[in-house]
Amino acid sequence: MSLAVMFPGQGSQAVGMGADLVARFPEARATFDEADAVLEAPLSRLAFEGPLDELTATRNAQPAILVHSVAVLRVLGARLGAVGSAAGHSLGEFSAHVCAGTLSFADALRAVRLRGTLMYDAGLARPGSMAAVLGLDDDVIADVCRDVTIDGDVVVPANFNSAGQVVVSGDRTAVTRAIPALQAAGAKRVIELQVSGAFHSPLMEPAQEGLARHLDAVTFHDPTVPVFANVTAQPVTVGAEARVRLVEQLTAPVRWAEIVHAQVAHGADRFVEIGPGSVLTGLSKRNARGVPARALGTADDIEAFLNEETA
């Protein structure tokens with residue numbers, strides 16, 4: 001069997017995340033302790049105790065999700081089995097590269113802390129918004145976005161999560177114009193999201209520039225397994241390309257549905273989501289019907305998985 005692992009992005013954070021892992025698994029405790037030391041900040045306490053608004057802040061949520069994902073990876077260790085490919089949604093692409101050995105945990109942690117800060121700052125400099133669009137074809141959404149983009153006031157498709165589930169992103173006024181236009185075009189629902197900026201849109205260009213400068217000084221190894229990139233939905237097998245794709249994804253859409261299809265074409269016959277929540281597991285059941293998918297994010301999830309493996 002070919003196992004495809006996937007890693008969640010921002011939005012999967014919750015107060016208490018990782019606390020059960022740390023209570024049961026020494027590897028998880030060591031991972032959270034290492035993160036606190038690398039960042040010189042009590043990230044573990046924030047993850048375990050909150051408050052929620054501080055944990056949800058982009059500069060905190062991103063490293064917290066990465067740490068949770070790596071903690072699960074380390075607890076599973078060799079028991080996870082041979083991995084055939086990896087992918088991560090937005091921030092999760094960094095976690096996927098830690099899994100593949102492209103980046104060290106410490107380097108990825110510093111990078112995503114900076115990434116979150118830069119994205120937040122870009123949102124302050126040019127306020128943006130995002131909205132989830134349900135029940136409308138990708139091409140129709142793209143057409144509406146083009147129609148309501150006026151004089152540099154832009155909105156673009158940002159996340160192609162599954163058929164009938166797309167997120168758009170851009171200037172607040174453009175997103176405000178897009179919502180009724182998308183409804184008129186036949187969307188079942190359009191839900192404005194509570195975010196600090198227009199992620200995966202041209203509004204993130206300042207963050208892209210800062211992240212590129214930082215990653216230029218970071219060591220990238222060739223991945224030990226293919227990591228499917230958000231930007232292209234194609235496998236990355238060379239460290240130098242990984243660096244480029246991680247920068248590009250800040251202003252490019254996440255092609256998640258294509259990534260899942262590409263992993264299946266690559267031979268994936270089961271998916272495991274590693275990290276907090278189960279959003280990607282749900283999407284996989286829509287994007288790859290009939291291919292088993294499960295989430296491993298809690299201590300109970302892991303113990304059930306390990307017990308099955310030894311049964």
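1. In this note Asp, Glu, Lys and Arg count as charged, Ala, Val, Leu, Ile, Met, Phe, Trp, Tyr, Cys and Pro as nonpolar, and the others, Gly among them, as polar. On that basis the lining of the second largest pocket divides into 3 nonpolar, 3 polar and 5 charged residues. The model discussed here is a predicted one.

2. The second largest pocket has a volume of about 160 Å³. Its lining consists of Asp-138, Phe-160, Ser-162, Ala-163, Arg-255, Ala-257, Glu-258, His-261, Arg-286, Asn-287 and Arg-289. At least two lining residues come from each of β4, α12 (256-265) and α13. Helix α12 gives the most, with 3 residues.

3. The largest pocket has a volume of about 770 Å³. It is lined by 31 residues, of which Gln-10, Gly-11, Asn-159, Leu-193 and Val-195 are the closest to its centre. Two or more lining residues are given by each of α5 (58-76), α7 (105-125), β3, β4, β5 and α13 (279-287). By class, the lining of this pocket holds 14 nonpolar, 16 polar and 1 charged residue.

4. Strands β3, β4 and β5 also belong to an open sheet of 4 strands, ordered β4-β5-β3-β6 and paired antiparallel. At its edges are β4 (155-162) and β6 (189-193), each of which pairs on one side only. From one strand to the next the twist averages 25°. Helix α9 (residues 172-184) packs on this sheet and touches β3, β4, β5 and β6. The direction of α9 makes about 145° with that of β5.

5. Within the 4-stranded sheet, β3 (residues 128-134) and β5 (residues 165-171) run antiparallel and are joined by 7 bridges. One pair can serve as a register check: Ala-131 has Val-168 in β5 as its bridge partner.

6. A second open sheet has 6 strands in the order β8-β7-β2-β1-β9-β10, with mixed pairing. Here β8 (235-236) and β10 (293-296) are the edge strands, each pairing on one side only.

7. The mixed pairing of the 6-stranded sheet can be followed strand by strand. Strands β1 (residues 3-7) and β2 (residues 83-88) are parallel, with 5 bridges, and Ala-4 has Ser-85 in β2 as its bridge partner. Strand β2 is also parallel to β7 (residues 227-228), over 2 bridges; there Ala-86 is partnered by Val-227. Between β7 and β8 the sense is antiparallel, again with 2 bridges, and the partner of Val-227 in β8 is Val-236. Val-227 therefore has a bridge partner in β2 and another in β8.

8. Two helices lie across β1, β9 and β10 of the 6-stranded sheet: α5 and α13. Helix α5 runs at about 120° to β9, while α13 runs at about 175° to β10. Both helices also give residues to the lining of the largest pocket, and α13 supplies residues to the lining of the second largest as well.

9. Gly-277 sits in the loop between β9 (270-274) and α13. Its relative accessible area is 43%, so Gly-277 is classed as partly exposed, that class lying between the 20% and 50% limits. Gly-277 and Met-17 are 260 residues apart in sequence, and their C-alpha atoms are 9.3 Å apart in space.

Technical notes
Residues are numbered from 1 along each chain as its sequence is written. This is a predicted model: local features need pLDDT of at least 70, side-chain atom pairs count only at pLDDT 80 or more; totals for chains, interfaces and linings use all residues. Side-chain values use heavy atoms; hydrogens and water are left out. Axes are lines fitted to C-alpha atoms, for helices over the stretch in contact, and angles run from 0 to 180 degrees between N-to-C directions. Contact means heavy atoms within 4.5 Å. On a 1 Å grid over the protein atoms alone, a cavity is a set of points where a 1.4 Å probe fits but cannot get out, and a pocket is an open set with protein on both sides within 12 Å along at least five of seven lines; lining residues have an atom within 4 Å of a point. Grid points are joined across faces, edges and corners, and a volume is the space filled by probe spheres set on the points. Buried means under 20% relative accessible area, exposed over 50%, partly exposed in between (1.4 Å probe, protein chains only).
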